[in-house]
Amino acid sequence: MIDAGISFHVSEKGYYGDFGGAFIPEMLYPNVEELRLHYLEYMMEPSFQKEFHFLLKDFVGRPTPLFKAERLSAKYNTQIYLKREDLCHTGAHKVNNTIGQILMAKRLGKYKIVAETGAGQHGVATATVCALMGMECIIYMGAIDIERQAPNVARMKMLGASVVAAQSGSKTLKDATNEAMRHWINHPVDTHYIIGSVVGPHPYPDMVAKFQSIISEEIKWQLQEKEGRDYPDYILACVGGGSNAAGAFYHYLDEPRTALIAAEAAGQGVSSGHSAATTFLGKPGVLHGSKSLLMQTEDGQVIEPYSISAGLDYPGIGPLHAHLSTSGRAKFFDITDDEALEAALECSMLEGIIPALETAHALAVFGKLGAKPNEISVVNLSGRGDKDLATYQEKLKLNP
Amino acid sequence: MNRISTLFKSTQEPILNVYATAGYPNFGDTMLVLNALQEGGVDIIEIGMPYSDPIADGETIQQSNQVSLDQGMSVTHLFDQLKNMRQSISVPVLLMGYVNPVLQFGVERFCQKCQEVGVDGLILPDLPLAEYQQSYQTIFEQYGLLNIFLITPQTSDERIKQIDSISEGFIYMVSSASTTGAKTGISSDQEAYFKRIDGMKLKNPRLVGFGISDRESFLKASNGASGAIIGSAFVKLLGNAKNLREEIVEFVKSIKGLK
Ligand SMILES: Cc1ncc(COP(=O)(O)O)c(C=O)c1O
């Protein structure tokens, strides 16, 4: 299952197999280089670890429960656990990373923060830690996403952040990321860029994965308590950039008994021309500072993706996931808008949990996975669905 | 010797490098723009290969890139338009763009095409030094292409020396921490920065880019360097021009102080 010769951890030069690196303009070099030289050292400092774990516990509410979903298990005739990242403060896993990165920003001597956001979850999580630490916060968000995730825009504003609409390109996550990078180029000295996923130039993918790895660290002891073994047969997660998946996979990357399952947003279908399923449609390319799989034209222009879920509406994936996909270590499923909506409704009705649209893509995999009755699956329930209510109302015809 | 190196060796006057987005304002305008730039007296031409996600560029150049792409421009079309370039263009020509379209075209095939049509060098802002040395340098050199590196006010002296040691032609000195077109004019702080770099006695000459828009800023920048690069201000002119050729010739003459 796992070729012993393959490493799934980042190399000295910032690569996962053929993917990764730091393809950044010289304007960003001093900041990225400073981070590269120090991130491991800063993260390992006892004072950093102490503050990080204190905030995860008392501010975020960790550990998040590992909940046995009995009715979903019965429905699919297998053993399903939900890792409840939706219960994190701010409603998604994104805050694990922003807590880590705000502490990093402090150690780097930066006092202003810029970030991009798609669904608004990362924007809210960033605005939250900025309020907590008293730092200035600017969030770039695609103009289309500002419309479809209005509650999160209001939350960011209430937390004191400035929300700037990205008007270029497809006006979604890719364009918000471009604008955030441009902002950083224009403010290199006082500002730290808190990237929201395992994307961007090295060392961002590795740093974000390490902050999110708390998810699988907890799954290990929680499963041990509940099942008497610390590994599941399957771990499932949705992949936009791939941060919740990276966190859920992290401590199982080298565990041959655990199959890693990733759900990508197929939009209206992989061949419909309206999709965001990068591992199905992408080729190796460079975007936002790293080499990875990328949806692009023959001429190397980035294709504007489509998904009903703003957090998965991105034409690339993190370099770790490109490596997991091409090496065969993880299996990727393409999940359409409709399949995700159906899975969201099912989880709500069977378990009393309204998941985020992103997360619903991972839940939809159960219809295709073929897990056996005694096999154990853990789904990373990356976020809650409050932010998606407007979409659910419209698509599931919930209006009076 | 490469046309760029020859130019810097033979000229005492401030050198003017002008950036123009390929296939802009209209798909078929590329050669017309090049010829008019040369007629006006430009010293180097930098042709922008349009890209969907140009993160180092501000609004003006972004927008010109998008218009050009919407009109169907691609790397393949560009080489086609430049096929007979050297029949009329004698000044050095650089291609500026982002690394992904080059990767998709195929790095070696791209370099081969550059050599065929008479391109002298490349500016790929998202291709950093380490990646260049590891995977690109040998191929670029094989086809006689100079790779032009950027330095900024935040670049350390140590890194500047490193960039100088592997550079040939010139070094692109970004005038301030910004994307293109973000600021105009040259401040006294910036002049001090140009002088500081001048004092490092590098082996390569420098051209100043970002924020240069008229004769005044061109001369100020040239004071601490061998010349300067104009991008956004010229792209704006292209976007608004009624009489493209004449306005380009006029613009270049006014910057160079020619009658
Ligand atoms: C709840 C939730 N899950 C998943 C994602 C996708 O991001 P990633 O792939 O980095 O986990 C998002 C992004 O906004 C999200 O809000």
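**Exercise 1. The interface of chain B and chain A**

How much area do chain B and chain A bury between them, and what percentage of it is on carbon and sulfur atoms? Characterise the contact in this predicted model by residues, elements and polar pairs.

*Solution.*

Step 1. Chain B and chain A bury about 2800 Å² between them, with 53% of that area on carbon and sulfur atoms. The residues B:D53, B:I55 and B:Q104 supply 22% of the area that chain B buries against chain A, more than any other three residues.

Step 2. Chain B brings 37 residues to the contact and chain A brings 34.

Step 3. Between the chains there are 2 salt bridges. In a salt bridge of A:K174 with B:D53, the closest N and O atoms are 2.8 Å apart. There are also 18 residue pairs in polar contact between chain B and chain A, both residues being at pLDDT 80 or more.

Step 4. On the side of chain B that touches chain A, at least two residues each come from helix 3 (59-70), helix 5 (99-105), helix 7 (129-142), strand 6 (150-151) and helix 8 (157-166) of chain B. Helix 5 of chain B gives the largest share of that side, 5 residues.

Step 5. Sorted by class, the side of chain B that touches chain A comprises 21 nonpolar, 11 polar and 5 charged residues.

**Exercise 2. The two domains of chain A**

Describe how domain 1 and domain 2 of chain A are assigned, and analyse the interface between them.

*Solution.*

Step 1. The assignment gives domain 1 as 23-56 + 94-207 of chain A and domain 2 as 63-91 + 213-395 of chain A. The C-alpha centres of these two domains are 22 Å apart.

Step 2. In the contact, 34 residues of domain 1 of chain A meet 35 residues of domain 2 of chain A. About 2600 Å² is buried between the two domains, and carbon and sulfur atoms give 60% of it. Within domain 1 of chain A, the residues that lose the most area to domain 2 of chain A are A:F23, A:R148 and A:K174, which together account for 23% of what that side buries.

Step 3. Between domain 1 and domain 2 of chain A the count is 1 salt bridge. The side chains of A:R148 and A:D313 meet in a salt bridge, with an N to O distance of 2.7 Å. Across the domain interface, 14 residue pairs are in polar contact, both residues being at pLDDT 80 or more.

Step 4. The elements giving two or more residues to the side of domain 1 that touches domain 2 are helix 2 (46-60), helix 4 (94-107), helix 5 (121-133), helix 6 (143-148), helix 7 (150-158) and helix 8 (173-186) of chain A. Helix 8 of chain A provides the largest share, 5 residues. By class, the residues of this side are 14 nonpolar, 15 polar and 5 charged.

Step 5. A:K174 thus appears in two settings: among the residues of domain 1 that lose the most area to domain 2 of chain A, and in a salt bridge with B:D53.

**Exercise 3. The surroundings of the ligand**

How many residues surround the ligand, and which are the closest? Identify polar atoms that approach the ligand.

*Solution.*

Step 1. The ligand is surrounded by 18 residues, the closest being A:S197, A:G240, A:G242, A:S243 and A:S382.

Step 2. For A:G240, a backbone N or O atom is 2.7 Å from an oxygen atom of the ligand. For A:G242, a backbone N or O atom is likewise 2.7 Å from an oxygen atom of the ligand.

Step 3. A:S382 contributes through its side chain: an N or O atom there is 2.7 Å from a nitrogen atom of the ligand.

**Exercise 4. A salt bridge between helices**

Which parts of chain A does the pair A:E51 and A:R107 tie together?

*Solution.*

Step 1. Over all chains, the structure holds 37 salt bridges. One joins A:E51 to A:R107, with the closest N and O atoms 3.7 Å apart.

Step 2. Because A:E51 lies in helix 2 of chain A and A:R107 in helix 4 of chain A, the pair ties together parts that are 56 residues apart in sequence.

**Exercise 5. Backbone geometry**

Locate the cis peptide bonds from A:R62 to A:P63 and from B:Y24 to B:P25, and the positive phi of A:H288.

*Solution.*

Step 1. Most residues other than glycine have a negative phi, and most peptide bonds are trans.

Step 2. The peptide bond from A:R62 to A:P63 is cis, with omega near -5°. A:P63 is in the loop between helix 2 and strand 3 (66-68) of chain A.

Step 3. The bond from B:Y24 to B:P25 is also cis, with omega near 5°. B:P25 is in the loop between strand 1 (15-21) and helix 2 (30-40) of chain B.

Step 4. A:H288, although not a glycine, has a positive phi of about 50°. This residue is in the loop between strand 11 (283-287) and strand 12 (290-294) of chain A.

How values were computed
Residues numbered from 1 in each chain as written. Chains lettered and ligands numbered in written order. Predicted model: local features only at pLDDT ≥ 70, side-chain atom pairs only at ≥ 80, totals over all residues. Heavy atoms only, no water. Domains from an automatic or database assignment. Contact = heavy atoms within 4.5 Å. Buried area = accessible area lost by both parts, 1.4 Å probe. Salt bridge = Lys/Arg side-chain N within 4 Å of Asp/Glu carboxyl O. Polar contact = N/O pair within 3.5 Å; in protein donor to acceptor, adjacent residues only side chain to side chain. Helix = DSSP H or I, 4+ residues; strand = E, 2+ residues; numbered from the N terminus. Nonpolar A, V, L, I, M, F, W, Y, C, P; charged D, E, K, R; others polar. Near = heavy atom within 4 Å.
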